[in-house]
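Hi,

Here is the structure I said I would pass on. Have a look at it first, and my notes follow underneath.

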Amino acid sequence: MRHITVAIVISVHIVLASGNVTSFTKNGDVTTSIPLDNHAQNVSDIKSGEKKKGSVKTFNLNDSPVYLDDVLFVLKNQNWTEEEQPCLHRTLLMLHNLQNFTLWAVWNWDAISSEPQGLLFGSRFHLGNFDECMSAPWYKTQPELRTQYCLADIVLERTDKPVKKRISDPYDPYQSALNLLEHRSVFRRPLNKLTWGVCVPAVCQPKSVERLMGILLAHSHLGTAGLRAHISVTEPCQKVDEPLPFDALFYAFIGVMGSLTILALACTFIKYKKKDLNYNRIQDSIIIAFDIKTNAKNLLKTSGNGLEVLYGIKFLTMCVIVSAHQYGIFNGGPVSNGSKLDEDALTILGMMFLHEDVVVDSFFLLSGFLMATLLIKAKKLPNLFLFFLKRYVRLVVAYAVVIFYICAIFPYTGSGPLWHRAIAADTEPCRKNWWLSLLMLSNYIDSENICLVVSWYIPCDFHFCIFTMALYCFYKKFPLAGKILATVVSIAAILAPGIINYIYELPAIQLFTYDFITNPRGPLQFHMTYIKSHTRYAAYIIGFLSGHLYSYCAASDNFNKISKKWSILGACLSIFTMAVVMFTGPMFLWRSYDVLESAIYAALNRPVWASCVALLVICLSLGHVPLIKGFLTWYPWVPLSRLSYGLYLIHTVFIARNVYVTRNPQHHDYINIMTYCLGIICEGCLAALLIWLIAEAPINNLLNVIFKFSNNEKKETDAEGQSSTNGGNDKRPNSGHLHENIPTSVQIISSKI
C-alpha cells in the first residue's frame with residue numbers, strides 16, 4: 001500500500017511539474033505557476049522514493065533535507081529542446097557534484113542568490129555574488145567548468161483573481177502578502193518586479209536560463225501562493241573569457257585628449273620661458289590661448305557689475321541638482337530598504353526631491369537675465385553670426401568632450417552585474433545620436449534616444465539665445481511692434497505647457513518617481529513638455545525682462561537702491577513662494593486627477609518660480625539682506641560657478657558609474673547621500689576644471705584669435721584703400737570689427753549653467 005501511495009504522489013508531481021512549473025508565453029517569456037498546497041509533503045515523498053532507487057544522493061544539513069533532489073527531479077522532466085541539451089547536461093552535472101560537495105560545483109552554486117530576499121521591503125535586485133561567478137581560480141586551466149552571469153527580469157502576477165477593493169492598510173499583517181505585492185506606494189515603486197542574477201554554465205542559452213530561473217523561483221517562498229512569473233533574459237550574459245576589447249573610439253579619445261594636454265603643457269612652458277610674448281602676433285596669441293596659467297586665472301575674475309550674488313546662486317543651485325540626481329539614480333539602483341525610501345517621499349525633504357526639476361528653471365532665468373543686462377550696455381547690436389557662433393562654441397566644446405568620453409571611455413570604467421545594462425542605456429544613444437546633440441537638435445529629433453539625459457538643457461538654452469536675440473533686434477528696429485510681439489510671445493510661452501498638458505491629458509508636472517528615474521527616456525510627458533524648448537521658454541523670457549528692469553533701476557538715480565526693509569521683505573517673499581511651488585507639485589501624486597487643474601499648474605509653476613528667483617536677485621543686488629547676500633557673494637563661489645557647466649554635464653555619468661558597479665543592494669540613508677554628493681561635486685569640479693584648461697578655454701581663445709586677426713587684416717586692407725584715397729591722413733585705431741561690435745562684457749556672456 002505504501003508503494004502504491006508513493007507511485008501516485010510521484011505521478012501527480014510529474015503532472016504538476018510538466019504542466020504548471022514552467023511554460024513559455026507567446027512573446028517568449030517564461031511563465032511559472034506553482035500551486036503548492038501540499039508541496040512540502042510531496043517533496044518529502046519524492047525524495048523518499050528516489051532514495052530507495054539509489055539514483056541520487058541526498059545532502060543533509062543538520063538532518064534537514066535540502067531541496068536539490070526536488071530541483072533535479074523537476075529539471076529532468078522539462079521539455080528540453082535539442083539545442084538546450086548541453087545546458088541541461090552541464091546543469092545536472094553541477095547539481096550532482098553539489099550534492100557531493102565538490103568544490104567547483106559548490107563555488108558556482110554559492111554565487112547564486114538561492115531565492116529573492118527583501119522583495120516586500122523594496123529590494124528589487126537580487127544579484128548573488130558576481131565576482132565569485134566570474135573569478136573562479138580554475139577557469140584558465142579547466143575551460144569546461146566556465147560559467148556565465150545572467151540577469152533575469154521577473155514580473156510576478158497573482159492567479160487567484162481577487163475582488164478588486166481599495167486596501168486601507170497594505171501592511172496589515174493578517175492579510176494576504178499578494179495584496180502588498182500588488183500595492184504601489186506614492187513613489188510608484190512596484191514590489192512585484194525583480195531582477196535576479198544567476199550563475200549558470202557557459203553553454204546555456206537565454207531560453208534555458210529562463211527555464212532554470214523558473215524552477216528556482218518555483219522552489220522559493222514566492223512559489224507558495226501560485227504566483228505566475230513572467231521571466232525574460234533580454235541582454236547577453238557576461239562571460240569571463242569575453243572582456244570588452246578596446247576599439248578605435250577609445251584610442252581616438254586618448255589620442256585627442258593626450259594631444260591637447262601635451263599642447264597645453266608645452267604652451268605653458270613656452271610662455272613661462274618667454275617673457276616678451278606679443279598679443280599682436282598670431283604665434284604668440286596661440287601660445288597664450290593654450291597657456292594653463294592664464295586660463296586658470298580667468299576662472300578667478302569677477303565681473304564687478306553688482307551681480308556678484310549670481311556666483312553663489314549658480315553654484316548652490318547646481319549642488320541642489322547634483323544631490324537630487326544622486327538621490328534619484330541611487331534610489332533607482334540596488335537598495336535594500338526601498339520601502340523606507342517610499343515613506344520618506346512624503347516628508348519635506350522627499351517632496352523637494354520629487355519636484356527638483358523646477359530648479360533648472362533658475363538657470364534659464366539667470367541666463368536670460370545676464371543676456372539682457374549685458375546687451376543693454378552694448379552701444380549697438382553685435383554681429384549676429386559672430387554672436388551665435390561664439391555662443392555655440394562656448395556651449396559645444398565641453399559638451400562634445402563629455403559625449404566623446406561616454407562613447408569611448410565610459411564602458412571601460414567599471415564592471416558588475418548591472419554594468420552592461422548601464423552602459424547600454426548611456427553609450428548606445430550617444431553613439432547613435434551624437435551628431436544631433438552637437439547640432440542642438442536632440443530635444444526635438446529622436447528624443448527617445450537622447451544622448452545624456454540631462455543634456456536636454458543645452459539645446460534649449462541655445463534656442464532661447466537665438467530666438468531672444470531675434471526678438472531684441474526686431475524691437476530695436478520697430479519698438480512698438482517689438483513690444484507687442486514680446487508680449488504675445490511671453491504669454492504664449494507661459495500658456496504652451498498648460499495647453500499641451502490639457503490636450504494630451506498629461507500629469508501636472510514630471511515628478512521624479514521610481515518609474516521615471518529608472519527609465520527617464522520613457523514617459524510621454526518627458527518628450528512632450530519637459531525637454532522641448534517651446535514649453536520651457538517662459539523662465540528665460542522672464543529672466544530677460546527682469547534683466548531689463550534691473551538695468552533700468554541700476555542706472556536710475558531714484559531706483560538704484562532698495563531699502564533694507566523692502567529688500568528683506570522681497571527676499572523672504574520670494575523664498576516663501578518658491579517653497580510653495582516646490583512642495584505643492586508632489587501633491588498631485590495623491591490627488592485625484594483633474595485635467596484643467598493640472599494644465600493650470602503646468603502653465604504657472606515654472607514662471608512663478610522664475611519670477612521669484614528674479615525678485616531675489618534684484619533684492620540682493622540693489623538692496624541689503626544680511627547674511628544671505630554676504631554668503632552668496634563669498635569669493636570662492638566665483639571659480640566654482642564657472643565650473644558648474646562642466647559639473648552639470650559630467651555629474652550624472654559619475655553617479656551612474658558608482659551605482660551600477662555595485663555588487664549588492666546598499667542601505668540608503670541621508671548621511672550616505674550627503675557623503676556621496678560631496679564626493680560627486682568634488683570629482684565633477686575637478687573634471688570640469690580639466691576640461692576647461694585642456695579644451696574649453698583654449699578653443700574659445702582660438703576662436704577669438706581667428707576673428708581678431710581676420711578682422712585686423714580686413715581693417716588694414718580698408719585703411720590702405722582709404723589712405724590712397726585721402727592721402728594717408730586717416731589715423732583711426734585699428735581695433736577690429738569684433739571689439740567694436742561686442743564690448744568685453746558682452747563677449748563673456750555665458751549661457752552656460
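A few single residues to start with, and please keep in mind that this is a predicted model. His 126 is found in strand β5, which covers residues 125–126. With a relative accessibility of 4%, His 126 counts as buried, because the limit for that is under 20%. Where does the side chain of His 126 reach? It gets to the backbone oxygen of Ser 123, at 3.0 Å. There is also the backbone oxygen of Arg 124, which lies 3.4 Å from a polar atom of the His 126 side chain.

Another strand residue to look at is Gln 238, in β9 (residues 238–239). Gln 238 is buried as well, at 10% relative accessibility. Its C-alpha is 9.2 Å from that of Ala 202, with the two positions 36 residues apart along the chain.

Now the aromatics. How many aromatic pairs does a search of the whole structure find? The search comes back with 38. Take Phe 253 and Phe 404: their ring centres are 5.1 Å apart, with 80 degrees between the planes. That pair is edge-to-face, because the angle is over 60 degrees. It also ties together distant parts of the chain, since Phe 253 belongs to helix α9 (residues 248–273) and Phe 404 to helix α16 (residues 384–408), 151 residues apart. Are these two rings buried or exposed? Phe 253 is buried, at 10% relative accessible area, while Phe 404 comes out as partly exposed, at 22%.

The other pair I would pull up is Phe 369 with Tyr 550, where the centres are 5.6 Å apart and the planes meet at 45 degrees, so this one is tilted. Here too distant parts of the chain are linked: Phe 369 is in helix α15 (residues 360–377), Tyr 550 is in helix α22 (residues 533–555), and the two are 181 residues apart. Both Phe 369 and Tyr 550 are buried.

While you have the rings on screen, check two charges. The charged end of Arg 211 sits over the ring of Trp 80, at 4.9 Å from its centre. Lys 532 does the like with Tyr 444, lying over the face at 5.5 Å from the ring centre.

On to the second largest pocket, which has a volume of about 1,100 Å³. Its lining is made up of 45 residues, and the closest to the centre are Ile 517, Thr 518, Asn 519, Pro 520 and Tyr 660. Which elements each supply at least two residues of this lining? They are β7 (193–201), α12 (309–332), α17 (419–438), α20 (514–518), α21 (524–530) and α27 (644–660). Helix α12 gives the most, with six residues. By residue type, the lining of this pocket divides into 26 nonpolar, eight polar and 11 charged.

Staying with α12 for a moment, Val 320 has its place in that helix. Val 320 is partly exposed, with a relative accessible area of 30%. In sequence, Val 320 and Phe 353 are 33 residues apart, and in space their C-alpha atoms are 9.1 Å apart.

A similar case is Tyr 502, in helix α19 (residues 479–504). At 45% relative accessibility Tyr 502 is partly exposed, because exposed would need over 50%. Its C-alpha and that of Ile 600 are separated by 8.7 Å, although the residues are 98 apart along the chain.

Last, some backbone geometry. Asp 446 is not a glycine, yet has a positive phi of about 50 degrees. You will find Asp 446 in the loop between α17 and α18 (457–477). Leu 452 lies in the loop between α17 and α18 too, and has a positive phi of about 60 degrees, again without being a glycine. What are the relative accessibilities of these two? Asp 446 is partly exposed, with 26%, whereas Leu 452 counts as buried, with 6%.

Shout if anything is unclear.

Cheers

Technical notes. Residues numbered from 1 in each chain as written. Predicted model: local features only at pLDDT ≥ 70, side-chain atom pairs only at ≥ 80, totals over all residues. Heavy atoms only, no water. Phe/Tyr/Trp six-rings, centres within 6.5 Å; stacked < 30°, edge-to-face > 60°. Helix = DSSP H or I, 4+ residues; strand = E, 2+ residues; numbered from the N terminus. Buried < 20%, exposed > 50% of the residue type's maximum accessible area, 1.4 Å probe, protein only. Lys NZ or Arg CZ within 6 Å of the ring centre and 35° of its normal. 1 Å grid on protein atoms, 1.4 Å probe; cavity = no way out; pocket = protein on both sides within 12 Å on 5 of 7 lines; lining within 4 Å. Points joined across faces, edges and corners; volume = space filled by probe spheres on them. Nonpolar A, V, L, I, M, F, W, Y, C, P; charged D, E, K, R; others polar. Polar contact = N/O pair within 3.5 Å; in protein donor to acceptor, adjacent residues only side chain to side chain.
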